Amino acid sequence: MRVTMIGAGYVGLVSGACFADFGHQVTCIDKDAGRIAALNRGEIPIFEPGLTDLVAANTHQGRLEFAAASSRIGEAEAVFIAVGTPSRRGDGHADLTFVYDAVREIAPLLSPAALVITKSTVPVGTGDEIEHILREKRPDAEIQVVSNPEFLREGAAIQDFKHPDRIVVGTEDARARAVVAEIYRPLYLNAPPIIYVSRRTAELIKYAANAFLATKITFINEIADLCEAVGADVQEVARGMGLDNRIGAKFLHPGPGFGGSCFPKDTSALLKTAQDHGVALRIVEAVSAVNEQRKRAMARKVVAALDGSVRGKTVAVFGLTFKPNTDDIRDSPAIPLITALHDLGAAVRGYDPAGMEQAKSQLPAVQYCDSAYDAAKGAHAVVIATEWEQFRALDLARLKRVMATPVIVDLRNIYRVDEMRRADFRYVAVGRAGVD
Ligand SMILES: NC(=O)c1ccc[n+]([C@@H]2O[C@H](COP(=O)([O-])OP(=O)(O)OC[C@H]3O[C@@H](n4cnc5c(N)ncnc54)[C@H](O)[C@@H]3O)[C@@H](O)[C@H]2O)c1
């Protein structure tokens with residue numbers, strides 16, 4: 001099948017490459033000409049494990065191509081929209097400018113029987129508006145608009161795309177359902193459930209899922225605070241809870257608050273949708289507020305670990321991305337943490353295996369270093385902000401030798417308390433008894 005992907009970012013590029021790998025003929029279009037030129041040179045503009053090889057193999061075999069202009073759209077049976085839907089400045093609604101602009105651009109070029117399939121995360125009713133635009137611009141055509149939200153996680157995106165827990169298809173049109181089923185047919189061996197629902201239901205499933213995951217994280221973060229107050233260990237509480245099949249162990253890892261390109265903006269957009277419809281989502285409201293406070297509060301942990309002041313001191317931050325195995329720093333908890341440390345008078349040295357280029361524009365005052373040990377040089381404290389594998393087995397003796405004072409603030413709980421004690425570090429973690 002001939003498929004076009006509008007937007008070659010984290011979702012568009014991964015989805016396009018995976019569809020090509022399924023055997024479809026895929027064109028990825030992005031208005032960022034620099035990005036397309038890089039892709040055509042074989043350079044992958046984002047960090048995603050396995051993506052370089054997947055793109056190379058499929059371009060080599062002639063199933064995947066990249067274009068800056070709207071080429072081949074008229075030949076495509078399915079055109080996916082995978083452009084960004086960031087938070088709108090000022091009010092927190094999803095900014096749908098990119099989506100509607102993309103639809104207006106492709107409208108005159110679409111084949112009359114094409115499907116327009118929205119992979120971008122869009123509020124309920126966006127599909128209706130897309131349909132309205134297409135009807136206006138293409139009264140001649142029978143173009144169907146389908147919602148097919150994407151659930152992949154950055155850092156494990158290819159695995160997630162090829163082994164999804166479910167595929168959600170929002171359309172009531174039988175032909176459109178059959179075409180989408182055909183696109184995903186190569187996954188049938190893995191037998192992922194395909195859920196056929198109305199377009200509005202599909203749009204809401206995505207937001208409800210993300211808000212629920214954000215709630216789970218925020219719940220365990222608050223339990224972590226309680227653990228610190230009462231002398232319990234949140235790691236064990238989470239394990240004791242998570243072994244209950246009704247609860248599940250995932251997303252029960254306490255930390256510095258959720259961040260990233262999806263949860264903050266999607267919880268905010270869901271709240272706006274609910275407000276617009278006169279519905280109170282008080283749990284999601286609380287999740288969003290608690291999380292915002294938490295991100296900045298992490299700096300207070302560092303201050304406490306350094307005896308009440310960071311002024312004139314140096315703090316090394318390990319990990320700048322919102323999670324490991326990505327270079328994405330959008331809404332990373334490391335940003336408010338570092339901003340607060342700067343505000344409090346600290347100098348910050350930073351290291352991240354993949355995210356430093358992206359971080360530089362947002363955090364220009366950080367001194368960027370070549371390795372964790374380099375960042376730790378002369379530091380009064382190390383803060384582990386992202387649980388990259390390479391931070392899990394640091395040479396503690398070496399670290400201690402280069403630091404000014406042996407203090408570690410582990411916001412991801414990746415170390416054992418006894419190990420840190422043996423190495424003679426002052427160790428501060430999240431929600432763990434027996435720790436400072
Ligand atoms: N990143 C994730 O992990 C993830 C997971 C699931 C869903 N989503 C959703 O998928 C959507 C895309 O997210 P992303 O992280 O891939 O965004 P991104 O910013 O990485 O990529 C979007 C791309 O679209 C391009 N673009 C914008 N307007 C265009 C147009 N008119 N024509 C062609 N290209 C255009 C941009 O240049 C950019 O390269 C969002 O709605 C997001 O919420 C993201």
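Helices and strands here are DSSP runs, numbered from the N terminus. On that numbering, Asn413 turns up in the loop between strand 13 (407–410) and helix 16 (417–422). The model is a predicted one, and this loop residue makes a handy place to start. Asn413 counts as buried because its relative accessibility is 7%, and the cut-off for buried is under 20%. Its side chain pairs up with the side chain of Gln235 in a polar contact of 2.8 Å. Setting aside residues up to four places away in sequence, Asn413 touches Val234, Gln235, Pro254, Tyr427, Ala429, Val430 and Arg432. The backbone of Asn413 is worth a look too: phi sits near 50°, a positive value in a residue other than glycine.

Asp424 also has a positive phi, near 65°, and is likewise not a glycine. Asp424 belongs to the loop between helix 16 and strand 14 (426–428). Is Asp424 buried or exposed? With a relative accessible area of 52%, Asp424 is exposed, since the mark to pass is over 50%.

Next comes the ligand. The shell around the ligand holds 27 residues, and Val11, Asp30, Thr85, Glu154 and Lys265 come nearest. Sorted by class, this shell has 10 nonpolar, 7 polar and 10 charged residues. Two of the polar pairs use protein backbone: a polar backbone atom of Tyr10 is 3.0 Å from an oxygen atom of the ligand, and a backbone N or O atom of Thr121 lies 2.9 Å from a ligand oxygen. Ser261 uses its side chain instead, with a polar atom 3.4 Å from a nitrogen atom of the ligand. How much of the ligand does the protein bury? Taken alone, the ligand exposes 840 Å², and the protein buries 90% of that. Helix 1 (10–22) and helix 4 (97–106) are the elements that give two or more residues to the shell. Helix 4 gives the most, with 3 residues.

Val83 sits in the loop between strand 4 (78–81) and helix 4. Val83 counts as buried because its relative accessible area is 17%, against a cut-off of under 20%. Not counting residues up to four places away in sequence, Val83 touches Ile6, Gly7, Phe98, Val99, Ala102 and Ser120. Gly431 is another story: its C-alpha atom is 38 Å from that of Val83, and the two residues are 348 residues apart along the chain.

At the start of the chain, Arg2 lies in strand 1 (residues 2–6). Arg2 is a charged residue, yet it counts as buried because its relative accessibility is 18%. The side chain of Arg2 makes a polar contact with the side chain of Glu75 at 3.4 Å. Beyond the residues up to four places away in sequence, Arg2 touches Gln25, Thr27, Glu65, Arg72, Glu75, Ala76, Glu77 and Ala78.

As for the nonpolar interior, the largest core has 63 residues, and the members that touch the most others are Val302, Val317, Phe318, Leu337, Leu341, Leu399 and Ile408. Helix 12 (residues 334–343) supplies the largest share of this core, 6 residues. Leaving aside neighbours within four places in sequence, Leu337 is in contact with Lys295, Met298, Ala299, Val302, Val317, Val383, Ala385 and Leu411. A second, separate core of 40 residues includes Leu13, Leu152, Phe161 and Leu187.

Helix 7 (residues 174–184) rounds out the picture. Which residues of helix 7 are buried? Ala176, Val179, Val180, Ala181, Ile183 and Tyr184 are. An α-helix has 3.6 residues a turn, so residues three or four places apart point the same way. At the N-terminal end, Asp173 caps helix 7, with a side-chain oxygen 3.2 Å from the backbone nitrogen of Arg175.

Conventions. Residues numbered from 1 in each chain as written. Predicted model: local features only at pLDDT ≥ 70, side-chain atom pairs only at ≥ 80, totals over all residues. Heavy atoms only, no water. Near = heavy atom within 4 Å. Polar contact = N/O pair within 3.5 Å; in protein donor to acceptor, adjacent residues only side chain to side chain. Areas by Shrake-Rupley, 256 points an atom, 1.4 Å probe, with all protein chains shown as cover. Helix = DSSP H or I, 4+ residues; strand = E, 2+ residues; numbered from the N terminus. Buried < 20%, exposed > 50% of the residue type's maximum accessible area, 1.4 Å probe, protein only. Contact = heavy atoms within 4.5 Å. Core = buried A, V, L, I, M, F, W, Y, C linked by side-chain atoms within 4.5 Å.
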